[in-house]
Structure formats: C-alpha cells, structure tokens
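Here are a few exercises to work through with the structure on your screen. Try each task yourself before you read its solution.

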Amino acid sequence: MQKASTDNQAAAKDIKLLVLDIDGTIAGHSNTISEPVKQAIFAAQARGIQVAIATGRMYRSALRFHQDIGSTLPLMAYQGAWIQDPITQKIHRHWVVSREIAHQLLDYFEKPELRSLLSVHFYINDQLYVRELTKETQIYAERSGVIPISVGDLRQALTNEPTKILALSDDIDVIDKLLGNLRRQYTPAELYLTTSVATFFEATNASVNKGTAVRYLAEELLGLQLANVMAIGDNFNDVEMLEYAGLGVAMGNAPTGVQAIAKWVAPSVEEDGAAVAIEKFLL
C-alpha cells in the first residue's frame, strides 16, 4: 500500500461524493457486500457524504447493490452508458452502440477461428441477449441475477441498438488479442473498448466511460468539482473514473497498470479494502 500524501489527507476534507465500483471493489467472491464495507459506507453517509455506484453491470443487476448501500443518487450502469435514478425512474443518459458497428463486431466475433472461443452478449433495453447458453454465459447470468434470452442469430435482436456488447472467454490471451486487434480497427472516437475483468471484452458508445459518467453526476447533477470526489475501483474500466476523481483509490487486487494511476492502493476486496480506504480518508 502506498502512503497517503499530506495533499491526499488535505483533499479528504473536501470529499462530498464517494463513487464505488461493484465487482472486485465492494463485492468479492461472495457476490455480496461484506458487513465491514457496508458499515464504512453508512458511516460516510452519516457524515454527509453522498455515495454512488458506477459499474459495468447491467442496471437491473446493479440495483440490489445500490439499494444495499442506501444510495439516493442515480445509478451509473454499463460503464456509465445508462444512468438512471431508481427512485424517480428517470433515465439521465442512455448512449448506445450503432447497429452498423454492432453488426461489424458480430461478424468479427463469428470468424471461424473465434466463434467457438467466445460467448457473445448483447445488452438491449436492459435485457441480455445471447446466441446460445454457454457455460460462461450461465456462470455470468447466475452472478448477475439475470435470465439470458437465447436467440440463435444475434442479428435478430438488433431491432434496437445495444447499450453494450460483451465477449467472454475463459482464455485471457484470446481477450487480450481481441482487445488489441479491435483497438487497431476502431479509434477511441468510434468505440470505447475495455476489460472489466480479464475474461471480459466490452464495447460501448465512444462517449462512454466511468469518468464521463462520474463527471456528469458530480458537476452537472450535484454541482461539485473533481476535488470533491473520491472513487474506488479495481480494473481497467475504472481508470477514467480514478483519473477524474480528486482522490482515486485502486484495490489491492487491481492489475498493476490500474494501481499505477491511483493516488492510493487499498488492501484487496477479500480484505475489505474499500472499508479500509473509507476509514482512512473519510472517517
């Protein structure tokens, strides 16, 4: 763990918004928030600090975590492509991937050398559409608490534009190669490509990332500045959020590239690292 600088400690007094990732940050193997992490979040809220969730998960999958921590703020799902207030049901933002690009990605995923290696997910109107129920999809669906809709040819589901496209493989090298190849094919102005875990390749609208989502929540909805924001995350889809926040904290289980851009590194998720970070800086 890095030592907090005096700057970080001084900045901690200014924090009015705490933004948390879910998987690998506040939820580990158990797929629930541990009691120490919950209590730390509640203690921060009792001090007047508002708490929000920013996740790559579907809105419907993230909702129980949002409710568990008693958040009253809009929920940032799908890396921030979908921002909705669960209390009023107002959708503040819904940015999608064009049908044209969705078709192109599907053609790529269905190349003979890739087809059998990937489970492809299309997220349309907060529903999960899949070609077929693979082992990887079933594990994902159980953890997410969603029922996948199996359609055979995913082109049939593209009557509406997808919020997010996900390709899963239990072979990390396949995902690494996929990410590298598609980053050469699409510029950041065309598509936002990331990994939320090493086995998940994710594609969203080019304007989407957790950094733009947190900026929108903080500055446009709450009238705050980046100095008022603390964010905690554990993977590459958290990088923009950690860079934006006045105080960006990476988890001890985060890849070294993510830890390198953080102001501080907390213990791992299984060691309740989020609680340690909250206690250190906010309590």
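## Exercise 1: The largest pocket

The largest pocket has a volume of about 720 Å³. Task: find which residues are the closest to its centre and which element gives the largest share of its lining.

Before you start, a word on the model. It's a predicted one, where local features need pLDDT of at least 70 and side-chain atom pairs count only at pLDDT 80 or more, while totals for chains, interfaces and linings use all residues. Residues are numbered from 1 along each chain as its sequence is written, and side-chain values use heavy atoms, with hydrogens and water left out.

Step 1. Get the terms straight: on a 1 Å grid over the protein atoms alone, a pocket is an open set of points with protein on both sides within 12 Å along at least five of seven lines, and lining residues have an atom within 4 Å of a point. Grid points are joined across faces, edges and corners, and the volume is the space filled by probe spheres set on the points.

Step 2. Look at the middle: of the 31 lining residues, Asp-23, Arg-143, Val-197, Thr-199 and Phe-200 are the closest to the centre.

Step 3. Now the elements: helix H6 (135–144) supplies the largest share, six residues. Helices (H or I, at least four residues) and strands (E, at least two) are DSSP runs, numbered from the N terminus.

Step 4. Sort the lining by type, and you get eight nonpolar, 12 polar and 11 charged residues. Here Ala, Val, Leu, Ile, Met, Phe, Trp, Tyr, Cys and Pro count as nonpolar, Asp, Glu, Lys and Arg as charged, and the others, Gly among them, as polar.

## Exercise 2: A serine and an asparagine

Task: work out what the side chains of Ser-196 and Asn-205 reach.

Step 1. Place Ser-196 in the loop between strand S10 (192–194) and S11. At 13% relative accessibility, Ser-196 counts as buried (buried is under 20% relative accessible area, exposed over 50%, partly exposed in between, with a 1.4 Å probe and protein chains only).

Step 2. Check its partner: the side chains of Ser-196 and Glu-202 are joined by a polar contact of 2.3 Å. A polar contact is a pair of N or O atoms within 3.5 Å; within protein, one must be able to donate a hydrogen and the other to accept it, and residues adjacent in sequence count only if both atoms are side-chain atoms.

Step 3. Move on to Asn-205, in the loop between strand S11 (200–204) and helix H8 (210–221). Its side chain reaches the backbone oxygen of Val-96 at 2.9 Å and the backbone nitrogen of Ser-207 at 2.8 Å.

## Exercise 3: Two positive phi values

Task: are Tyr-78 and Gln-89 buried or partly exposed?

Step 1. Most residues other than glycine have a negative phi.

Step 2. Tyr-78 has a phi near 50° and lies in the loop between strand S3 (75–77) and strand S4 (82–84). With a relative accessible area of 0%, Tyr-78 is buried.

Step 3. Gln-89 has a positive phi of about 70° and is found in the loop between S4 and strand S5 (91–94). Its relative accessibility is 49%, so Gln-89 counts as partly exposed.

Definitions and conventions
1 Å grid on protein atoms, 1.4 Å probe; cavity = no way out; pocket = protein on both sides within 12 Å on 5 of 7 lines; lining within 4 Å.
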